[in-house]
Amino acid sequence: MILMKEKVKAWLGPLWWYSAVMFCIQRFGDVINLYTGLWLVPKWVPPAELGALLPLGQIGGMLGLPLAVLLMPFTKFLNTFGARAELGKVKALLCDALILAGCSAFAIAAYTWYSAPFVFERLRISGSGLIWLLCGIAVTSAFMPILNNALQALKLFRCLGFVGLASAPVRLFFLMLLLPFCGLLGFFSAQFLFNVATLGISFWGLSRILSSDVRRESYWAHWREMVSYTLPIAVVMIVGSVATTVQLLVIRQRLPDVESAAFYFGSRFSEIPNVLWSAIAVVFFPVISEAFEKGRDTRRILIQVLVFTVVGGAVVAFGLGYVMDWLFGAVQKWKAYQPYAYLVVWMAMTNVFRVAFTCFSTHEMACRRFGFISYAVPISLFEAGVLVSLTGYGFFAPYLPASWVAWMGALHAARLEFIVWVMLISSFATFMGIVIQMLVSRTRAKRMSA
């Protein structure tokens, strides 16, 4: 049995072998997360507050964005040093990143505290206890990507697998313990405790590299290439985070409670096609990065993963579209959202196109190429501008011709259907940018080899 496993592992290669392992582990978690998101949470969180969960969850990432930008070169150079077996530089970079995150935690907590009331007013919620929890989530969320990226970069896939296997049951335990007593407050209390538990497991996985057995070695000779690598990625991260936050805030702030709650339910299903990429994503960056640093061609792997995730995701998305109306009508608590069931297939396809961009941009960043910025950033900014402008067109009444304002009003943009279509068109435009860039790159490669 062990010999057969090793033969299969050698035949598949590290990317597809560990992706298959992570796929199996994550599907166990998906079953628990579906139960959590579709039954447990709606049972204890009032429908009027359900629509606030997604934008509130995005706030933590948005508030930790400055730190995330500063730490952007972390994964790439951890992987680079690890491939060269320069463990002293790995330890030094990891320790410095953790120190930076620790120092930044106070600033993150402070501006979370001061900005939360402004956000709460627009999300139609209240609660001083929730502010403290968001501070805690923002601080712990600052550490989590560092440790997760370190595990990926060092190819500690077994520890990552354990984190993936344990995360959903741990989160479910905390939610079952706290939701019945605290509702929305219990949801974010469970999220905070889940973050703490995940940090503990990740530190345990990195204990060898952090131990005194490994001596620090300076990596400052690489500072120029680290800065040049960070700047373009910072642009992508900032724009992407702002665009996602705008989407969720507009849906919650400018749509009725029933439509923002319908988006919450629809998004639980529309994320199902993402499972194909989520298993590969854990392994993809370190494998591509190491191959690039060693001078190997990675285009074949990229095409394989893109075809697998896009075609497979599209099949799942249209399968969802076929059953969603029946499914929403079959469950009594979901019947209020049945009129919006037809949107789930388009929400799912939006996620498929976004996953394609994530896959492609991850590949390009691992190879230190950033041409995708030229079209991805303008499209994201345009989408955010359209959503904010057309759903709040009254702001422009004193400044634009009356005919323009009347045209914007006639669109009735403050409805879920319009927002879903804007998001779908934007994601498809970005996907077409990927296709064009790959074709141009292939043509250039042929010309150079001729």
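**Notes on helix α15 and its surroundings**

1. Let's start with helix α15: 20 of its 23 residues are buried, so the rest of the structure largely encloses this helix. Keep in mind as you look around that this is a predicted model.

2. Does the length of α15 agree with its residue count, and what span should we expect? With 1.5 Å for each residue, the 23 residues of α15 should span 33 Å, and the C-alpha atoms at its ends are 32 Å apart, which agrees. If you try this yourself, multiply 1.5 Å by one less than the number of residues.

3. Next, look at the partner of α15. Helix α14 covers residues 299–330 and α15 covers residues 344–366; their axes come within 8 Å and cross at roughly 170°. Angles over 145 degrees count as roughly antiparallel, so α14 is roughly antiparallel to α15. What kinds of residues make up this contact? There are 19 nonpolar residues, four polar ones and one charged one where α14 meets α15.

4. Now step past the end of α15. Arg368 follows this helix and sits in the loop between α15 and α16 (373–391). The phi of Arg368 is positive, about 60°, although this residue is not a glycine. Is Arg368 buried or partly exposed? Its relative accessibility is 27%, so Arg368 counts as partly exposed.

5. Helix α14 also takes part in an aromatic pair. Phe328 in α14 pairs with Phe269 in helix α12 (residues 257–270), and the pair links distant parts of the chain, 59 residues apart. The ring centres of Phe269 and Phe328 are 5.9 Å apart and the planes are at 50°, so this pair is tilted. Both Phe269 and Phe328 are buried.

6. That pair has company. Which residues share one aromatic cluster with Phe269 and Phe328? They are Tyr264, Phe265, Trp334 and Tyr337. Across the count of aromatic pairs, the total comes to twelve.

7. Finally, a word on cysteines. A disulfide is a covalent bond between the sulfur atoms of two cysteines. How many turn up in a search of the whole structure? The search finds zero disulfides. Buried means under 20% relative accessible area; Cys95 has 17%, so Cys95 is buried. Cys367 has a relative accessible area of 2%, so Cys367 is buried too.

Notes
Residues are numbered from 1 along each chain as its sequence is written. This is a predicted model: local features need pLDDT of at least 70, side-chain atom pairs count only at pLDDT 80 or more; totals for chains, interfaces and linings use all residues. Side-chain values use heavy atoms; hydrogens and water are left out. Axes are lines fitted to C-alpha atoms, for helices over the stretch in contact, and angles run from 0 to 180 degrees between N-to-C directions. Helices (H or I, at least four residues) and strands (E, at least two) are DSSP runs, numbered from the N terminus. Angles under 35 degrees count as roughly parallel, over 145 as roughly antiparallel, 65 to 115 as roughly perpendicular and the rest as oblique. Ala, Val, Leu, Ile, Met, Phe, Trp, Tyr, Cys and Pro count as nonpolar, Asp, Glu, Lys and Arg as charged, and the others, Gly among them, as polar. Buried means under 20% relative accessible area, exposed over 50%, partly exposed in between (1.4 Å probe, protein chains only). A disulfide is a pair of cysteine sulfur atoms within 2.5 Å. Rings of Phe, Tyr and Trp (its six-membered ring) pair if their centres lie within 6.5 Å; planes under 30 degrees apart count as stacked, over 60 as edge-to-face and the rest as tilted.
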